Amino acid sequence: MSDVVEKTLTALPSLLSLDSQPGSAKLSSTSKLGNLIRGITELTSKHEEEKLIQCELSSIKEQVSSPNTTMRQMKELMVRTIYCEMLGYEASFSYIHAIKLAQQGSVLEKRVGYLAVSLFLNESHELLLLLVNTVLKDLQSTNLIEVCMALTVVSQMFPKDMIPAILPLVEEKLNHPKEIIRRKAVLALYKFYLIAPNQVQHIHNKFRKALCDKDPGVMTASLHIYLQMIQENPEGYKDLTASFVTILKQVVGGKLPMDFNYHSVPAPWLQIQLLRILSLLGKNDQSTSVIMHEVLDESLRRAEMNHNITYAILYECVKCVYTIHPKSELLEKAAKCIGNFVLSPKINLKYLGLKALTYVVQQDPKLALQHQMTIIECLDHPDLIIKRETLELLFRITNAQNVTVIVEKMLEFLRISKDDHTTIDLVGKVAELAEKYSPDNEWFIETMNTVFSVGGDMMQPDIPNSFLKLLSEGFDSVEEDRKLRLFAVNSYISLLRGEPGKLPQRFLQVISWVLGEYSHLRADLEPALVLRLLAKLLDMKNCSSETKSWVLTAMTKLCEGGSGVSVAQQVSEAYGSSLDTVLRQRAQELQHLSQDSELRARVLPRGAGLEPVEVDSSLSFLDGFVSEALAAGAAPYKPPHQRQEELAGTKALSLEPYGLSLPISMSSCITDRQSPTLLSMSSGLSGDSTDLSHKGGSATLKLDGVKRVWGREGYLSQKEPVEEPAQVEVPSPLRSPSQQGEADSSHSQTPSLTPTPESDQEKQQLASSLFVGLGSQSSVCLMGKSEPTTQRFRRKAKGHSTASSTSEQVSNSVISPPSTVDNLLCNNLLDSNITSELAVSSPQLTSRLSQGLAATNGTCDTDTELPESDRKESKPAVIRDSYVVAADPAPHEDPDRPKDLDLSSHLPAELSELSHSEITHLCTNQNLELSVCHVQKEDSLLLIVFISNSSDSAVQQILVQVDSDELEVSCLGDSPVEEVRSHSVAVCQYSLTVKRPAVHIELVGMVSYQLPVGSPQSAAFSYKLPLTSFIRPLTVSTEEYGTMWLAFSHDTKQNLTLISDGQEPLTATLNVLKKRLQLHVVEIIGMEGIVACRLLQDQPCLMHCRVHAGTLAVWLRSPIPDLPDCLIYHCQRALQGH
Amino acid sequence: MMRFLLLFSRQGKLRLQKWFTPIPEREKKKIIREMTTMVLARQPRSCNFLHWKDLKIIYKRYASLYFCLAIENHENELLALEVIHRYVELLDKYFGNVCELDIIFNFEKAYFILDEFLLGGEIQETSKQIVNRCIESSDMLQEDDSSEWYEVELFG
């Protein structure tokens, strides 16, 4: 671009006197828009504004729909509509006209049309489909500005499904001579990559071309895509490290045109993008990190200028240095950098310094020590944001010694913070720290009380859950458990005596559970008193019905003794007629159990919390009920999260933070007497469901319980508290008081502390209490060398992992047996890609010698007699259907036997039309060769054994025996082969039926025969074929499927990977399974699919698939034991191999 | 990635809104309300960053106008501040000594400039010259602009 053109540009507008020339802002204020805007500013009330805008909108509406309105007027109208929408008034009538304007207007009008479209609609809006054609047309326009506009709108929003329509055109633009077009095309592809990554998978090499583009702008644009791709798969792009380093070197060295400078800093955005990419590539990878050390050093050195943008680069540099494989020299420089940030008087830099420190302190806790005074100052900073960031930092350096001070600071902040999101986040952190480092019971309970009162009903539901779990599971010492529980009881009793009305519902629920379980620990406490306190809660106005049901359950546990029963009776009468069915149920329970103490002792045994309860996870005892209801026309049950998904499907991206995928109802989790985590789910192979339900019957039947379990993974999805930061410092070991004193004194000697007046004395004290445990000796353990021993509430190790969520547990227990099978089988498959193994039996040893003799006699192969061409043509029977090949055992590849046995021509005529597996060589003994294949007929599986005799003499008395543990083998044909003449082939057929399913089915056999001369010979062989050979589609209707499903008792569940190659993932995945395994897809309903197949002969297996959280949750049921497990293995393999 | 950019006056009147991810209308209104109250309530000499849900809000006041940019949590706050600054510089270059009124009366131009500067939530072009050249070349197109001459000249 020459200067001449530049001048022309500035001169032109004045010549053309367009209304849109630069600096002509005030001119257009005489327009209608100007009038509107002025009109609005003169108004005094919101009401008047509304009236004016409504009036304006109706006039616009009239005009846009009038056929006489020209496009030029339309453009003006559209601008006014945009203004009205910005003020918050909806003008959806104009959307279609905006699209029309983009379609039909001249370039200037089109531009406004596109702008209006991009402001009015979002990518899921249905009207957007009408824009596709316009975009297509403009992409092909010869007018560059039109192309630019089309690319711009495409990068902002485009219907996902329509991407294929324009993709070739956008791709083409990557080769456009104008860099601006190339750049926009790259950004459009980036957008496509974000919303539909698989659509642009095939053009990854074009991204590389964009990366190498001669224009730095295009190259910069391509980095967006690379950053994204590298984030997803850093391993795949290690080879580009050197290129990125070179680019960064050039940028830092000022090799780019001046255009790219920003306040004389060369291309800062590009630099930062590259630094991010490098840190992803260098993470945990020494050899890659080494390549970038030099350029990082240079970046740190060059960025000296005192400007925000250089600090931004420095910050990114520091992060990179601390992310990649460490180099001490760089770390030192980076640490100095952080120091400059933290100590800066500029508040923005201080903020960033704290952020950097938080990031870095995981690796180098001593850095926090260096800046302790600054951190203390920041803790008292008037700006809450700085305070909040400081707490984040403290959270990372918390250990058993400073936990009380840090938690105190956090709670202090919580009391003044009004932001819900912050509260939720901090409350979670406090709970985590309290559980991890609590110094004593009293402190723990009190801290948790504050957490519950402050966190209220906003906090993550897993906090009360894990608290209750902790109480009920206990720790290593029984006495300690008792003390903790007793303390909790005492504390809650006094809370209830105070003003319970102020407590949040969640807290009340926790209180009632604890009192119900443990108030008996306090001997002097009358149960009736507790009952009365609890009953008072029921009368509170703001008490939710969920809380009430917790309270009632607690009361049920406590109602004993004369006065207790009378309170219970009163309450149960009051709620026995409640409209809320759950409450009514609880009241009924309360009434009955309070009267029958014997029954109560059985149903709610005291202290039984640690007994694992077996639960029939599939609730199969309800199957009959469900099938009746279904038959009566009831809608099939959908788990809540699925219903939500379906609802949310139409909604656009929600900005709600921390949205749990499903709401966890506390009551459904813990109202049982037993803690939910103790439920050990019975294995999926629940033979007799009624038995199991009796076992679980010690807990009362909960209606809400039914709902929760029914949804399989849908229920009980509790997460562990805030994810523990990876490699966060482990707590230092407990030190004896004397040691602690040492540590304290060592801190007061830290050089950064200068003698100060009294006000600073406090700060120093605070510092020493905050940064205790971060000194040199503890830094050793921070590096993870010593075991954390201070954790007070270490959970007992339990047979069934109690720590993680129960739902996970269920799936684990179900999955584990087949997965070990998988491993074994995988190993087998790897070890021997040969499916048939030659087992040499003892007579064979002797026969080897004679074979050698025969060879010297000059026998020739059977094969040589067939001319080459003949052999090729005589292969029509080998139908290499994809599924046959897939289902085949690995072909036998023996380098010693390169010649393909052309045995297929020997297949019986009636079978030659059918597909058969590859013919596998079984064994050779002297001149007799055995080969085998199997033929899949619709109703049976045939094993064909070829016996070829390559000797000059006939082989007689041949006897082939085939046997298998898993199969029933019956010989077909009139009579078994007895003799094979010289140089000919005989065929035996066997029909196979599965007796017992296994992942792979092995046949063993023995052939014995007699040569004209010599002793009888024999050879053993084995042959393996996959279960899938026996699987056939089962055609059933959905109704039939439903009744069959309920009838089958053997089941298994597993999550499989989804396949999405362009189509809808569920359909795509089921299609693969259908093709590979010959399954029958009965029906696909939304996100669920039902599939049926049978194992020869007529042993059905049903499969229920549901797309959930990116995986395919599969549930198989069959009347045959082991069949579901074996089939799921093959499903897995089929999807893996895809 | 940037999520949205809002421009509003000291009175909390919205002057420009750009959403880089699809958000339902009702949610947008709620966000705008929250942003204006949050940002306007900030004391002078506080830092320019805010936490909001899982996003970071970067705001800066230029004369009577607040610029408020939401970025994802892992993004660089200082850099976002410079994004705002560069946008102001671009507006300034185009309007010549830009003031709030320029943006009120020519908000569509402000949008055009923004679309050349940021695209789909990412930086597209940071050069003042190039962005300006783009806008002006489009501005100058006449109704009968089919002549090739313009394009070749304007795009350099």
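This is a short walk through a predicted model, one selection at a time.

**Stop 1: chain A as a whole**

Start by selecting chain A and colouring by secondary structure. You'll find 48 helices and 19 strands. Now colour by burial: of the 1138 residues in chain A, 55% are buried. The fold also brings distant parts of the sequence together. Among the contacts with a separation of 6 or more, 71% link residues 24 or more positions apart. Switch on the surface and you're looking at about 50,000 Å² of accessible area, 53% of it from carbon and sulfur atoms.

**Stop 2: helix 17**

Hide the surface and pick residues 328-343 of chain A, which make up helix 17. Its 16 residues should span 22 Å at 1.5 Å a residue, and the end C-alpha atoms are indeed 22 Å apart, so the two agree. Show the side chains of its buried residues: L330(A), A334(A), A335(A), C337(A), I338(A), G339(A), F341(A) and V342(A). What do they pack against? Bring up helix 15 (286-302), helix 16 (308-323), helix 18, helix 19 (366-370) and helix 20 (372-379) of chain A, and you have the partners.

**Stop 3: N348(A), looking across to chain B**

Helix 18 of chain A, one of those partners, covers residues 347-360 and includes N348(A). Is N348(A) buried or exposed? Its relative accessibility is 10%, and the cut-off for buried is under 20%, so N348(A) counts as buried. Turn on chain B to see what is around it: N348(A) touches C47(B), N48(B), F49(B), L78(B) and L81(B), leaving aside residues up to four places away in sequence. Zoom in on N48(B), whose side chain makes a polar contact of 2.9 Å with the side chain of N348(A).

**Stop 4: chain B on its own**

While chain B is on screen, select the whole of it. Its six helices and seven strands come in the order β-β-α-β-β-β-α-α-α-β-β-α-α along the sequence. Chain B has 156 residues, and 71% of them are buried. Of its contacts with a separation of 6 or more, 48% are between residues 24 or more positions apart. Chain B exposes about 5,400 Å², with carbon and sulfur atoms supplying 49%.

**Stop 5: helix 27**

Back in chain A, select residues 505-518, which is helix 27. From first C-alpha to last, this 14-residue helix reaches 20 Å, close to the 20 Å expected. How many of its residues are buried? The count is 14 of the 14, so helix 27 is largely enclosed by the rest of the structure.

**Stop 6: a five-stranded sheet**

Next, find the open antiparallel sheet in chain A, with its five strands in the order 6-7-8-11-10. Strand 6 (920-925) and strand 10 (967-971) are the edge strands, each pairing on one side only. Look down the sheet for the twist, which averages 25 degrees from one strand to the next. Then focus on strand 10 and strand 11 (residues 984-994), joined antiparallel by five bridges. A handy landmark there is C971(A), standing opposite Y990(A) in strand 11.

**Stop 7: a hairpin to finish**

Last, select strand 16 (residues 1080-1085) and strand 17 (residues 1088-1095) of chain A, which run antiparallel and share five bridges. I1084(A) sits opposite G1089(A) in strand 17. Two residues lie between the strands of this hairpin, and G1086(A) has a positive phi near 60 degrees.

Methods: Residues numbered from 1 in each chain as written. Chains lettered and ligands numbered in written order. Predicted model: local features only at pLDDT ≥ 70, side-chain atom pairs only at ≥ 80, totals over all residues. Heavy atoms only, no water. Helix = DSSP H or I, 4+ residues; strand = E, 2+ residues; numbered from the N terminus. Expected span 1.5 Å × (residues − 1). Buried < 20%, exposed > 50% of the residue type's maximum accessible area, 1.4 Å probe, protein only. Contact = heavy atoms within 4.5 Å. Areas by Shrake-Rupley, 256 points an atom, 1.4 Å probe, with all protein chains shown as cover. Pairing = 2+ DSSP bridges. Axes fitted to C-alpha atoms, helices over the stretch in contact; angles between N-to-C directions. Polar contact = N/O pair within 3.5 Å; in protein donor to acceptor, adjacent residues only side chain to side chain.
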